[in-house]
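Subject: A structure for you to look at

Hello,

Here is the structure I promised to pass on to you. Have a look around it first, and then read my notes below.

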Amino acid sequence: MSWGVIGLTVRYGRRTALSDVSLRAEPGTVSCVVGGDGAGKTTLLRALVGAAPISSGVVLRPATTAIGYLSAGTGVYPDLTVRENLDFTAQAYGLRERKYRGLLERAGLADVWDRLGGELSGGMRQKLGVTMALLHRPQLVVLDEPTTGVDPASRAQIARLIAAAAADGAAVVFTTSYLDEAERAGEVLVLDGGVGLTEGGPDKIVAEAQGQVWAVAGRPERGFAWRRADGWRVWSAEQLPGMAAARPDLQDAVIVAALQHRQRQEAA
Amino acid sequence: MNTPVRLHGLSKSFDGVLAVDSVDLVVDAGEVVGLLGANGAGKTTVMRMIMGLLRPDGGDLAVFGAPPSRASRREIGYLAQGLGLYVDLTVAENLRFARQAYGVGSDRPTDPELADVGDMLVDELPLGLRRRAAFEMVLQHRPRLLVLDEPTSGVDPLNRARLWDRVRDAVDDGAAALVSTHFTEEAQNCDRLVMMHEGRVAAAGTLAQIVGDRKAVSVTTDSWADAFTALDGAGMSVALHGRDLRVTGSDPAAVAEALGALGGILSEVPASFDEVFVELCRRG
């Protein structure tokens, strides 16, 4: 069974938080929702786990007990120790086994077993939150910005926890504002202002921008251009004088998708 | 002319905890120095000392050749994480206010998209434009040093590209810029990088210097899940990239041995900046 949302629209009063958004979450796959603040990432995850009202569209998800969810806060109790936080989560899911030593070692938390949640660093607290979401080996793992502001070593450990859950057969969905993390996911949805700009595997998204991104020496007089390390890129449907072929990456492709969306909006 | 920023062995503690530990940092005119690190790595504390808002406990700190002062403050355009915009004034009023506060005259050329929203209240702007307005406000008095604390945090890629464009424009005109970020992908927008981890400088130099000839091993197999379980079980530093795996800190022979009968296509590839940052922090 594959999970996700199809044609999902979420409205809060007059405000449309999500408009006709689709996302696939297959078992054994890591899917990523990327976008800036206010793009609708949290609303999408909340709808996926059953915590946001659905105005139209379809949500496919397993039973609540088979979902592991890390909300935008970490859900870590500050006045419980790391062990007590895990015990509490295990009890909530009726787990008999309390074998989380392996998970804690993978998260780099084995040495802080007895520390209070409130005394953990931001990175550690985030890793504990992810560990708690994975504890009952859920079929669908939903993580809201697990790595934002987290140090690089903790980010790598969280990526390992996510990969291990997918290797174990879970469908994993996480949100991020980092494009380099999206580039490593199997499936990517780019959200902006509640609308899906583009979706699919990172290679497919980049391939779609092929032939529309060109390298130029300096800022052109017309057209949308942006700087990269080795010079300028410009968005153009055709190759004009002074433009050289450029190999777009995910960052270029997302910029192109945003520009195309803006063009469609202006035409409408 | 005096160097805009020169720090040597700078340290600062809060309640006995070293937040900034012996940091060296130079920012010259006409360059962007990226200050990279996680929340709590010490980036903001360094910036606040440069601004003269915090006094260092130890080390040397010179801004335009002298300790921070009112005179040096006039030369600095500081963008705090809180942005510092008046939400109940329009964009144009915010910019005029900034010019008056610094006693500078006429309009300077601004971001064209901001000109279109000049009459809107800041409160009504989407975040991307709001950050761009805050940046324009910082530029109004033509500062010679830009100190930008996570100017692109939470901003979508299109507006991020625009913001970086404006930073580079100001630097092309001769300003110096110190920009903090926790996006490692923004490293390529900077001329030099200072990577902070737990208050210390973990690495410094150009992107090429920091990455050097470090390598990773890329692994393509029929079943990434089995390969991941084998490599992870062998204690290797392994990451999932789509349906391929990347291993850092191990050579191809060791990876092949850990994979055993699973096999796969192994290739040695240049390490990414992110992979290098993780390895450096792990060692630090």
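Strand β1 of chain B, residues 5-14, pairs with β4(B) over five bridges, and the two run in the antiparallel sense. If you would like a pair of residues to find by eye, try Leu7(B), which stands opposite Leu61(B) in β4(B). Please keep in mind while you look that this is a predicted model.

These two strands belong to an open sheet of three in chain B, with the order β2-β1-β4 and antiparallel pairing. At its edges are β2 (17-27) and β4 (58-63) of chain B, and each of them pairs on one side only. From one strand to the next, the twist averages 25°. There is a helix to look for here too: α1 of chain B, made of residues 43-50, lies across β1, β2 and β4 of that chain. Its direction is at about 65° to β2(B).

Now move along the chain to another sheet. In chain B, four strands form an open sheet, and going across it you meet β11, β12, β10 and β13 in that order, with antiparallel pairing. Which strands are at the edges of this one? They are β11 (237-241) and β13 (265-270) of chain B, each with pairing on one side only. Leaving direction aside, neighbouring strands in this sheet are turned by 30° against each other on average.

Inside that sheet, β10 (residues 215-220) and β12 (residues 244-248) of chain B make an antiparallel pair with four bridges. Val219(B) is a handy place to start, as its opposite residue is Leu245(B) in β12(B).

Two helices lie across this sheet's strands:

- Helix α8 of chain B (residues 224-233) lies across β10, β11 and β12 of chain B, at about 15° to β12(B).
- Helix α9 of chain B (residues 252-259) lies across β10, β12 and β13 of chain B, at about 150° to β13(B).

Finally, some figures for the chain as a whole. Chain B has 10 helices and 13 strands. Its C-alpha trace spans about 75 × 45 × 35 Å along the principal axes. How much of the chain is buried? Of the 284 residues in chain B, 46% are buried. As for contacts in chain B with a separation of 6 or more, 70% of them are between residues 24 or more positions apart.

Enjoy exploring, and write back with any questions!

Best wishes

Terms used:
Residues are numbered from 1 along each chain as its sequence is written. Chains are lettered from A and ligands numbered from 1 in the order in which they are written. This is a predicted model: local features need pLDDT of at least 70, side-chain atom pairs count only at pLDDT 80 or more; totals for chains, interfaces and linings use all residues. Two strands pair if DSSP finds at least two bridges between them. Axes are lines fitted to C-alpha atoms, for helices over the stretch in contact, and angles run from 0 to 180 degrees between N-to-C directions. Two residues are in contact if their C-beta atoms, placed from the backbone, lie within 7 Å. A residue is buried if 20 or more other C-beta atoms lie within 10 Å of its own, exposed if 12 or fewer, and partly exposed in between; C-beta atoms are placed from the backbone.
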